[in-house]
Amino acid sequence: KHTCARTNVKTHHPPSYLGYWKPGYDRHLMDRIAKDLVSSMPVAVLNVDYRVKGGYPGPFLDAAAALDVVADERVGQYGLNSEQVVVVGHSAGGTLAYWAAMRGLLPSDAPGAMAPRVVPRGAVSLGGVLDLTLAADDLAQVGASAVRDLMHGQASDSSRIAQDYRAASPINMLPPAMQTELRSEVVRTRSLTPLDCIFTAIHGEDDQLVAVEQSARFVVAATVAGIEVELVRVGGEGHMECLDPRSASWGLAKAAISGALFSRNEVPRYSSGPTTRQWRGP
């Protein structure tokens, strides 16, 4: 069986409500698309909450715990395959989905840097916040001061906060370039690493809550890093439409999930250039 972990999977913390990492919505916001995924693919879906009080690193550690629980012996009795996992996140959850997929690249002293028990094959961001530094500096990018509140300030405020941004912001976690010797080693061992994960960023062109630039900038940086990535800009849809199973955004997300789980090659594939599509509907 395959597992599609959504970062919005209940951990050891009590259920919280979320929206820009703040009280406002809980995981039930995702119920319709979670149920649609289960009904349309042979997958198990874990729909998770994370704490919203206290800011960084709490939500990130909860996302890591939720993903690693798939490898737990008690979960194994349900026949889940911890090597066949895709993480999906919407908005603030998009940050956590990409962070969870790449946390194996974190420096050893960063929160959540312990060796991941689960490395996803795919990561799908739905209108995700993928450049926290930019979002904190430009309040028009994401929900006013939401990122500053999450990260306890701006990167320019102190060296400690700047270090936290580097460890939390998906775009800053990317390696600056894919080194030849590292690429050769990955291919030789064929072990699943964050560099193997297929990243898909789906963003409504009419999104007024999270700027499309958040996804576009990540795609360019990931391409430079040699990571397989695609940006799909969906015309006529905004920030919340992707939560409707009938939406074009969700249909494209399901195609990305299916591709990562069922269609990918065993040997890692590397990106030779940025891939961007615009979806205008039939």
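Which strand or helix gives the largest share of the lining of the largest cavity? Let's work up to that, one exercise at a time.

Before you start: this is a predicted model, so local features need pLDDT of at least 70, side-chain atom pairs count only at pLDDT 80 or more, and totals for chains, interfaces and linings use all residues. Residues are numbered from 1 along each chain as its sequence is written, and side-chain values use heavy atoms, with hydrogens and water left out.

**Exercise 1. Find the largest cavity and say what lines it.**

Step 1. Rolling a probe the size of a water molecule over the atoms shows where empty space is left. On a 1 Å grid over the protein atoms alone, a cavity is a set of points where a 1.4 Å probe fits but cannot get out, while a pocket is an open set with protein on both sides within 12 Å along at least five of seven lines; lining residues have an atom within 4 Å of a point.

Step 2. The largest cavity holds about 40 Å³ of space, where a volume is the space filled by probe spheres set on the points, and points are joined across faces, edges and corners.

Step 3. Look for the lining: Leu126, Gly127, Ile202, His203, Gly204, Asp207, Gly238, His239, Cys242 and Ser249.

Step 4. Back to the opening puzzle: strand 5 provides the largest share of that lining, three residues. Helices (H or I, at least four residues) and strands (E, at least two) are DSSP runs, numbered from the N terminus.

Step 5. Sort the lining by class: three residues are nonpolar, six polar and one charged. Here Ala, Val, Leu, Ile, Met, Phe, Trp, Tyr, Cys and Pro count as nonpolar, Asp, Glu, Lys and Arg as charged, and the others, Gly among them, as polar.

**Exercise 2. Describe the largest pocket and its lining.**

Step 1. The space in the largest pocket comes to about 240 Å³. Its lining has 18 residues, and Ile198, Thr200, Glu230, Ala255 and Ala256 are the closest to the centre.

Step 2. Now trace where the lining comes from: strand 4 (122-126), strand 5 (198-204), strand 6 (229-234) and helix 11 (248-263) each bring at least two residues. Helix 11 gives the most, five residues.

Step 3. Split the lining by class and you get eleven nonpolar, three polar and four charged residues.

**Exercise 3. Work out whether helix 2 is largely enclosed or not.**

Step 1. Pick out the buried residues of helix 2 (buried means under 20% relative accessible area, exposed over 50%, partly exposed in between, with a 1.4 Å probe and protein chains only). They are Gly58, Pro59, Phe60, Asp62, Ala63, Ala64, Ala66, Leu67 and Asp68.

Step 2. Nine of the eleven residues of helix 2 (residues 58-68) are buried, so the rest of the structure largely encloses this helix.

Step 3. Check Leu61, which also lies in helix 2: Leu61 is partly exposed, at a relative accessible area of 29%. Its C-alpha atom is 9.5 Å from that of Ala113, 52 residues apart along the chain.

Step 4. Glance at the loop between strand 2 (43-47) and helix 2, where Pro57 sits. Tyr56 and Pro57 are joined by a cis peptide bond, with omega about 5 degrees.

**Exercise 4. Say how two helix pairs are arranged.**

Step 1. Axes are lines fitted to C-alpha atoms, for helices over the stretch in contact, and angles run from 0 to 180 degrees between N-to-C directions. Angles under 35 degrees count as roughly parallel, over 145 as roughly antiparallel, 65 to 115 as roughly perpendicular and the rest as oblique.

Step 2. The axes of helix 2 and helix 4 (residues 92-102) cross at roughly 60 degrees and come within 9 Å, so helix 2 and helix 4 are oblique to each other.

Step 3. For helix 1 (residues 31-40) and helix 11, the angle is about 50 degrees and the axes are 12 Å apart. Helix 1 and helix 11 are therefore oblique to each other.

**Exercise 5. Find residues other than glycine with a positive phi.**

Step 1. Try Ser91, in the loop between strand 3 (85-90) and helix 4. Its phi is positive, about 60 degrees, and Ser91 is buried, with 8% relative accessible area.

Step 2. Next comes His152, in the loop between helix 6 (146-151) and helix 7 (159-168). The phi of His152 is near 65 degrees, and His152 is partly exposed at 39%.
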